[in-house]
Amino acid sequence: MITLQSVNVGFNGRPVLEDVSLQLQEQRVGVIGLNGSGKSTFARLLNGLQLPDAGAVSVDGFDSRKDGRKVRRRVGFVFQNPDNQIVYPTVREDMSFGLKNLKYPKQDIEQRIEKALSLYGIDHLADRLTHQLSGGEKQLVALVGVLIMQPEYIVLDEPTTLLDLRNKRRLMSIVRELGQRIIMITHDLDLLSEFDRVLCFHDGKLLADGTPEIVIEKYLNTCDK
Amino acid sequence: MMNTKDIVYIALFAALMAGLGFVPAITIPSIGVPVTAQSLGIMLAGGILGAKRGALSIVLFLVLVAVGLPLLAGGRGGLGVFSGASGGFLLGWIAAAYAVGYIVEKYWNKLNIISAAGACILGGVVLLYAIGIPWVTVAASIPFMKALMGSLAFIPGDLIKAVFASAVIVAVKNQYPLISK
Amino acid sequence: MISLYYPATSPVHKLAAGIKVLLLLILGTVLFQVEQIEILVGVAVLVVSLYGVAKIPFKLAFGQLRPALYLLAIVFIAQIFISDLETAIFVVLRFAILILAASLVTLTTMMSDMIAALEKGLSLFQRWIPVAKVSLALSLTIRFIPVIGVITQEVREAQRVRGMERNLFAIFMPTIIRTLKMGTEIAEALDARSFDAEDEISTGKSKK
Ligand SMILES: Nc1ncnc2c1ncn2[C@@H]1O[C@H](COP(=O)(O)OP(=O)(O)O)[C@@H](O)[C@H]1O
Ligand SMILES: [Mg+2]
């Protein structure tokens with residue numbers, strides 16, 4: 001369970017998130033809101049990339065301020081731009097990055113990579129140069145690079161924004177099948193219809209929180225003017 | 001200490017250096033001296049990242065050249081480039097980037113185009129030649145003065161680069177400062 | 001990423017990268033102690049025949065020297081004036097050998113092997129050099145050279161539309177700023193994948 005307790009975040013004296021308190025334990029949580037409403041800041045709080053100025057964030061009982069590494073280990077993060085997440089020249093090498101950081105033995109790493117590549121259907125990309133992949137392939141590689149570390153939660157910050165329709169479907173079909181708990185930020189309201197819960201941020205505050213229909217309606221009424 | 005961001009900036013600047021290698025060299029016709037963009041990269045690395053990170057990014061770049069990537073202007077690379085007479089200039093790049101960065105850091109709060117240009121000229125031209133020329137002298141057993149005269153042809157191009165680099169350094173400081181003082 | 005590696009099967013190719021570099025360092029040191037030209041000629045013949053053993057075509061071998069020819073010519077002429085023909089030949093020959101020998105190592109060693117050897121060498125100095133960080137930096141650079149190429153291309157196209165493609169400042173600034181912004185995001189992505197877990201384990205205690 002992820003818990004936020006009266007969290008406040010500001011940049012240069014300007015509040016960006018104000019007094020956010022909530023508990024996340026659903027399988028799939030969507031996050032919506034206008035640009036600049038604080039969604040990414042919220043997402044980054046969840047795995048300790050951003051620490052709260054006031055209040056506290058904890059993941060399965062670990063405080064993000066004190067146990068940053070444990071929190072990061074539990075919460076995987078997929079960013080909007082896959083180009084900035086792929087750090088090695090080939091797909092296979094990139095897969096090994098997170099596993100090396102977790103100090104798995106070499107042989108174990110190789111096995112896990114083979115398993116993950118075939119599980120998510122990207123074996124054919126294994127030895128390709130990452131910069132020659134298409135945008136959709138890159139985002140898949142970025143996602144698998146996180147999944148291979150077996151986090152308990154996966155935060156996705158607008159993962160489909162740069163993808164075309166087909167790649168968007170492909171990515172979502174994988175996300176839908178995942179056993180991990182998902183927290184996904186998106187502007188694609190259609191993608192959220194089967195989510196268990198949706199949060200809507202507006203000007204750094206939690207505007208609405210509940211089932212997709214209710215929250216999306218409130219979002220459209222408040223923000224689409 | 002080096003944090004993740006520092007490592008990334010160092011790596012990205014090494015990659016930028018490589019990018020500058022693809023900029024075609026302009027050859028000054030009368031003397032046949034090629035003016036390359038990479039010595040500009042040295043000044044930028046120091047002036048934008050500061051002494052330590054700037055110098056390390058050049059080290060990283062040169063290591064990649066040494067292991068066989070053809071990243072120097074004109075597609076040169078490999079260990080061979082260090083054993084030539086100009087090897088001293090390549091190693092001098094490291095010290096030059098450090099020096100430019102060091103001076104820029106010193107003047108950081110009141111950095112302007114003049115002090116930045118001063119840093120680029122002192123570190124990226126004067127110090128660089130102070131290392132490169134004795135190397136040529138020793139490696140090729142040429143008298144110092146001869147080597148010095150031979151290098152003079154590069155000076156005008158280097159001065160232009162220093163002025164350009166300082167304009168970029170000051171502009172980056174205003175838009176995206178990475179040196180904190 | 002293109003590299004200078006020339007693929008072939010030969011004893012020279014098979015020799016471990018670390019050994020090759022070590023031999024090269026020794027050669028470089030010894031060569032400057034030699035004073036008889038006969039020895040130098042002998043070494044030159046040896047190095048050239050190693051190119052034969054490594055099955056490297058003559059054109060490619062000569063291509064290694066070409067970028068240095070201009071400088072070697074100057075050195076040669078200068079030496080004739082300063083001392084004599086024999087010294088001129090001696091000095092230029094020494095350079096040619098060093099360049100050829102170094103290029104031979106480069107041509108016969110895959111970049112990944114070279115980097116692996118480098119990391120192995122560095123790990124001897126583990127206490128002073130953060131090997132994992134160095135190795136990450138090497139990979140990042142290779143990974144992002146093409147990305148920066150793409151950024152530069154995009155900036156140039158954007159500036160061409162505004163008629164500024166000849167304005168170097170207008171090309172450099174956006175390219176650098178975009179690269180630095182990208183760097184911030186890359187650093188976050190690295191940390192999100194537990195890169196910072198590194199120092200805790202290797203030093204046995206966490207910082208802060
Ligand atoms: N590192 C930062 N420094 C300064 N301001 C920031 C930083 N990160 C975010 N902000 C500001 O915080 C606000 C919320 O940003 P963000 O959480 O990225 O919104 P969203 O993802 O919903 O578009 C924006 O106004 C943004 O400019
Ligand atoms: Mg965002």
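How far apart are the mean positions of the 29 positive and 30 negative charges of chain A? The two mean positions are separated by 4 Å. The structure described here is a predicted model.

## Chain A: fold and dimensions

Chain A contains 7 helices and 10 strands. Along the principal axes, its C-alpha atoms fill a box of roughly 50 × 40 × 30 Å. The radius of gyration of chain A is 18 Å, which agrees with the value near 17 Å that a compact globule of 225 residues would have.

Contacts in chain A can be sorted by how far apart the partners are in sequence. Among those with a separation of 6 or more, 65% are between residues 24 or more positions apart.

## Chain A: burial and surface

Of the 225 residues in chain A, 56% are buried. The chain exposes about 10,100 Å², and 46% of this area is supplied by carbon and sulfur atoms.

## Contacts between chains

There are 2 pairs of chains that touch, and the pair with the most contacts is B and C. Chain A and chain B are not joined by any contact; their closest C-alpha atoms lie 10 Å apart.

## Nonpolar cores

In soluble globular proteins, nonpolar side chains tend to be buried together. The largest nonpolar core in this model has 131 residues, and the members that touch the most others are L44(B), I48(B), F61(B) and W93(B). Helix α5 of chain C, residues 85-108, gives the most to this core, contributing 14 residues. Another core lies apart from it and has 46 residues, including I32(A), L99(A), L102(A) and I122(A).

I48(B) has partners in two chains once its neighbours within four places in sequence are left aside. In chain B, I48(B) is in contact with F13(B), V168(B), I169(B), V172(B), L178(B) and I179(B). In chain C, the partners of I48(B) are I176(C) and L180(C).

## L72 of chain C

L72(C) is part of helix α4 of chain C, which covers residues 58-82. Is L72(C) buried or exposed? The relative accessible area of L72(C) is 9%, under the 20% limit, so the residue counts as buried.

Not counting residues up to four places away in sequence, L72(C) touches V92(C) and F95(C). Both partners have numbers within the range of helix α5 of chain C, residues 85-108. The C-alpha atom of L72(C) is separated by 9.0 Å from that of V91(C), a residue 19 positions away along the chain.

Note on methods:
Residues numbered from 1 in each chain as written. Chains lettered and ligands numbered in written order. Predicted model: local features only at pLDDT ≥ 70, side-chain atom pairs only at ≥ 80, totals over all residues. Heavy atoms only, no water. Contact = heavy atoms within 4.5 Å. Helix = DSSP H or I, 4+ residues; strand = E, 2+ residues; numbered from the N terminus. Rg over C-alpha atoms; globule rule 2.2 N^0.38 Å. Buried < 20%, exposed > 50% of the residue type's maximum accessible area, 1.4 Å probe, protein only. Areas by Shrake-Rupley, 256 points an atom, 1.4 Å probe, with all protein chains shown as cover. Lys, Arg positive; Asp, Glu negative; His and termini not counted. Charge placed at Lys NZ, Arg CZ, Asp CG, Glu CD. Core = buried A, V, L, I, M, F, W, Y, C linked by side-chain atoms within 4.5 Å.
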